[in-house]
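Please work through the exercises below with the sequence and the 3D structure open beside you. Each task is followed by a solution that goes step by step.

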Amino acid sequence: MATSVRRTTLTLPAAPVGPAGPLPAVRTLGDVHRVELSEDLDLPPDMARQLRYAPLDSLLPESVRDGYGRTRADTALDALVIENDRLRATVLPGLGGRVHSLHHKPTGRELLYRNPVLQPANFALNGAWFSGGIEWNIGATGHTTLSCAPVHAATVPAPDGGEMLRLWEWERLRDLPFQVDLWLPEGSDFLCVGVRIRNPHLNAVPAYWWSNIAVPEDEHTRVLAPADAAWHFGYEHRLRRIPVPESDGADRTYPLRSEFPADHFYDIPDGDRRWIASLDGSGHGLVHTSTDTLRGRKLFLWGAGRAGRRWQQWLTEPGTGGYAEIQAGLARTQLEHVRLDGGAEFAWLEAYGPLAADPAAVHGTDWAAARREVGDRLEAALPRAEVDAAFAAWRPHADLEPKETLAIGSGWGALERARTGHDLPGTPFAESTIGPEQRPWLALLHTGDFPREAGVPTAPLVSAPWRDLLESAPPGLATDYHLGIAQWHAGDRAQAVRSWERALAHGTDCRPLYCLAVAEETEGETARAAQRYAEALACVPDDETGPEHTAPLLPALVRAAVPALLAAGRADEAAAALDRIPAAARTNGRFALLTAQVALARGDAPAARAVFDRGFEVPDLREGDETLSDTWYAIADRLTAGTGPVTPAVQAKARAEHPLPERYEFRMREIPLRADAVD
């Protein structure tokens, strides 16, 4: 039985992802993945160069996806099943092409961590992300902006004569098309995955790829890779080289023997076969291997601490098992980007399958013997030469045109193809896929101007060719607004401000005002930023309505404006802004958190504490965000200090008398008391 591909539906308790945010992503990205490199850290030259190469500092042209909540209902999801007589893989084309399940028929084992719910959380670069399965991360350090977005899917002839499932899309952060081809050779226990990233441009582009595999985790789970050292990166933003398997007194190859979440990037010697495996107490589990282009291997662990367990519950539902992540990428670490020259491509083959090894060797104290046992079992099950041969057999098929369309992704690739005429065999971006977000831009391309009846397009474009078109277009609200966004992205901040001010001369709109407020914040002009936010809020009526695909502007503006107003000492105005939030939006815990912060700023710590005591959840709490605990302890400090100063002694007493409730514990690192605390 060679690979067959069929459609089906998968029903899961799911929280809707919701629409993209209505405000442009002109804010600088957070620093979750920022690395602080010390001068005494001895790095390989290529790694040092790639750590500094083109880190992402802007989410543009993407939009923030934060329109989800935490109320789940049974939802039917489109799914595609790839199957042979040994394996069955279930893929979700509407959610980034995620492989939701990989089931091994002879043993009845599920090889992946299969999340029983679909709960978006704020882990992707642009927000919405969910845990479980195998995800394809392209773009820049972090989870891809396509985590909860549709991709194109179709059948293609496989190298062995069966069917292959092709997934493809246009990644907007780096303007790169990519494809993922999945097939199951007849009689094989391994899912083959051919991946290709192409750079159709003349200029070099920073590229990034990590295949992220969620695997079940318990106290017996061990992750093995052919390395004696790893690069450790935690939420303290420091990179350091540690021995494998033991460091700081514990065997870190067992995910639950660490307290805090962390990345371990295995330093596999050049020339060695590249693989990583997660095996349970009986020596069974999943192994991943690839051709050598996919260089890096990583273990991400949540750890056994209170925060790690809390995050695991946050991403699924109580009573379900935990998970760890094993990953494979283009560079040694996820903190690097790799240069992809104009007209060039990266291509490789991955294989995913079951592995059974001697548990005594796998879990023994001899690390070299454990590695050797797994490596030998992998070689017996899937020889390295066989992987290389499968890659060679796949390469001619990568250009084959799809046969049957199974799912439709975005129209951004079609828009870029209309602009450039790029010929991309194997990944057609048909003009028929162009939708409402792309049509105003297609009109700009063909006529040199935005159609006036379209209003202000909500989805920006920021690459140099589109910026040139905007600069040549007749002035207007939409043109100058989007030109400012493109200039801001290019680093021309002064021109961006001038463009947004010109946009306001063509009509009142809160979005250029919002951009001007962010510009003032970026320059540290707290008072002027607050004033711009106040002006933007005044532009939006309380009974605001908009297109169904657009999130309301008022809640988004209030969320952005309240912290700025508080920073400027305008707490009463911040409270008035919160009072404008419609009742339907007030259920979002983000506004409860802001209410507590406003109450604290107005000197009413008991009222702020009462908000926490009533209980709330912030659906889009960011990975690594310490706002909840910071606000709790700021309230506790004030309750303890009364009208006096907040000293280190007061802080210590506050933490003893007001311990952080577990429901608000999301800290991913150990946070010491501030030695300089004075109020």
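The exercises that follow deal with a helix, a run of paired strands and a group of aromatic rings in a predicted model.

**Exercise 1.** Work out whether the end-to-end distance of helix H13 (residues 553-567) agrees or disagrees with its number of residues, and then describe its course and its surroundings.

*Solution.* Begin with the length: H13 has 15 residues, and at 1.5 Å a residue these should span 21 Å, so the 22 Å between its end C-alpha atoms agrees with the expectation. Next, follow the axis, which bends by about 30° at Ala561, with a proline, Pro563, following within four residues. Then turn to the side chains: the buried residues of H13 include Leu553, Leu557, Ala561 and Leu565, and the buried residues of this helix pack against helix H11 (510-522), helix H12 (526-538), helix H14 (571-579) and helix H15 (589-601). Finally, look just after H13, where Gly569 takes a positive phi of about 75°.

**Exercise 2.** Determine which strands pair with strand E10 (residues 163-171), and in what direction they run.

*Solution.* On one side of the search, strand E9 (residues 152-157) is joined to E10 by six bridges and runs antiparallel to it, with Val156 having Met164 in E10 as its bridge partner. These two strands form a hairpin with five residues between them, and Gly161 in the turn has a positive phi of about 95°. Continuing along the chain, seven bridges join E10 to strand E11 (residues 176-183), again in an antiparallel arrangement, and Glu169 stands opposite Phe178 in E11. The hairpin of E10 and E11 has four residues between the strands, and Asp175 takes a positive phi near 55° there. As a last step, consider exposure: E10 is mostly covered, since eight of its nine residues are buried.

**Exercise 3.** Classify the ring pairs that Phe123 forms with Trp129 and with Trp311.

*Solution.* A search of the whole structure finds 25 aromatic pairs. In one of them, the rings of Phe123 and Trp129 lie 5.2 Å centre to centre with 40° between the planes, and the pair is tilted. Phe123 counts as buried because its relative accessibility is 4%, and Trp129 is buried too, with a relative accessible area of 1%. For the rings of Phe123 and Trp311, the centres are 5.0 Å apart and the planes stand at 85°, so this pair is edge-to-face. The latter pair links distant parts of the chain, 188 residues apart, with Phe123 in strand E6 (residues 121-124) and Trp311 in helix H2 (residues 306-315). To finish, place these rings in context: Phe123, Trp129 and Trp311 belong to one aromatic cluster, whose members also include Tyr113, Phe300 and Phe666.

Definitions and conventions: Residues are numbered from 1 along each chain as its sequence is written. This is a predicted model: local features need pLDDT of at least 70, side-chain atom pairs count only at pLDDT 80 or more; totals for chains, interfaces and linings use all residues. Side-chain values use heavy atoms; hydrogens and water are left out. The expected span of a helix is 1.5 Å times one less than its number of residues. The bend at a residue is the angle between axes fitted to the seven residues ending there and the seven starting there. Buried means under 20% relative accessible area, exposed over 50%, partly exposed in between (1.4 Å probe, protein chains only). Contact means heavy atoms within 4.5 Å. Two strands pair if DSSP finds at least two bridges between them. Rings of Phe, Tyr and Trp (its six-membered ring) pair if their centres lie within 6.5 Å; planes under 30 degrees apart count as stacked, over 60 as edge-to-face and the rest as tilted.
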